[in-house]
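Colleague: I am new to this structure. Please take me through one part of it closely, and then show me how that part ties in with its surroundings.

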Amino acid sequence: MIGRTALSRRGVLLAVASAPLAVACTTPPPQPPPPDPLAELVRAARADSALASAVGANEVASARAEHAERLQAEVDRAAPAVPSASAAPSGTPPVSPPPNPTREQLVAALQAAQKQAGELLPSLPTHRAGLVGSVSAGCASLLEAMR
Amino acid sequence: MQPTTHDAVQDALAAEHAAVWTYGLVSAFLQQQAADVAEGANAHRARRDATERWLRDAGQQPEPPAPAYLPPEPVDSASSAVAALVVAENDACAAWRGVLERTDDAALRRTALDALTVSAVRATRWRKVAGLTPVSIAMPGAAG
């Protein structure tokens, strides 16, 4: 069932990608494919990792880097053949932390990340729900580890 | 509701039965953490009961607990007791993540995320007591 969901998703993406060829002459250009909702989680995970490194929370830095990597892998898997402008390349440059970073900022960021992933969960297909659930629970674990 | 959802929830129930049993087993060795042991035991009992109710409401017969469970190593000390709790919580994480991967039902997903999260937090707490590093697991419930 998981496999079938992935296939049909790919089918949708293919259809979206090829639609402009058929209709370019007669209709206004169609909307580009919507950005992958997981991309926001990737951005947050990268930012948290940079912030954690800056305040010396190495365990958090490495866990949030792993979150970014796993989520990006799913984003790339879902849309491998659409090199559109909205899809960020995997090898994005490192994020720089805010000036004067603090552990309090990191705690707030992890709380926000836990909530962000949890709120996205109801809208996701099942093959993504486990991944995003683990990211959310992983952020809660990091908060417990920092106590 | 597809049968795989029911199977996943039965697996989660089995993990909750095992966790309840494990918290009972270890309590004698963890007098200093009595409050945390009681909190974990109560949470898993409540989760077990709620999971049994969910299955009955879905027309399923909840699987009963096993007569006994095999801890990863014999529990005869505080450290082996904590190790058994870490395993029980990790098993619960994996089982509830399995539910997330097998349902589109929003309410069940909320339940599964909550169960995954609180077990991951308790696993972290026990890993801290055991002095394990990293203290937390990056992707609770994920295989490997």
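Modeller: Here is a close look at one helix pair, followed by the chain contact. Keep in mind that this is a predicted model.

Start in chain B with helix H2 (residues 34-57) and helix H4 (residues 106-130). They pack at an angle of about 160 degrees. Their axes lie 12 Å apart. An angle over 145 degrees counts as roughly antiparallel, and H2(B) and H4(B) are therefore roughly antiparallel to each other. The crossing of H2(B) past H4(B) is left-handed.

Now the residues. From H2(B) come B:Asp36, B:Val37, B:Glu39, B:Gly40, B:Ala43, B:His44, B:Arg47 and B:Trp54. On the H4(B) side they meet B:Leu108, B:Thr111, B:Asp114, B:Ala115, B:Val118, B:Ser119, B:Arg122, B:Arg125 and B:Trp126. By character, the residues of this contact divide into seven nonpolar, six charged and four polar.

Keep an eye on B:Arg125. In H4(B), B:Arg125 is among the residues that meet H2(B). B:Arg125 also forms a salt bridge with A:Glu144. The closest N and O atoms of that pair are 3.2 Å apart. The count between chain A and chain B is one salt bridge.

That leads to the contact between the chains. Here 29 residues of chain A are in contact with 26 residues of chain B. The area buried between them is about 2100 Å². Carbon and sulfur atoms give 60% of that area. In chain A, A:Thr126, A:Ser134 and A:Glu144 lose the most area to chain B. Together they make up 24% of what that side buries. So A:Glu144 has two entries here: the salt bridge with B:Arg125, and a place among the residues of chain A that lose the most area.

Note on methods: Residues numbered from 1 in each chain as written. Chains lettered and ligands numbered in written order. Predicted model: local features only at pLDDT ≥ 70, side-chain atom pairs only at ≥ 80, totals over all residues. Heavy atoms only, no water. Axes fitted to C-alpha atoms, helices over the stretch in contact; angles between N-to-C directions. Helix = DSSP H or I, 4+ residues; strand = E, 2+ residues; numbered from the N terminus. Parallel < 35°, antiparallel > 145°, perpendicular 65-115°, else oblique. Left-handed = near helix turned anticlockwise from the far one by under 90°. Contact = heavy atoms within 4.5 Å. Nonpolar A, V, L, I, M, F, W, Y, C, P; charged D, E, K, R; others polar. Buried area = accessible area lost by both parts, 1.4 Å probe. Salt bridge = Lys/Arg side-chain N within 4 Å of Asp/Glu carboxyl O.
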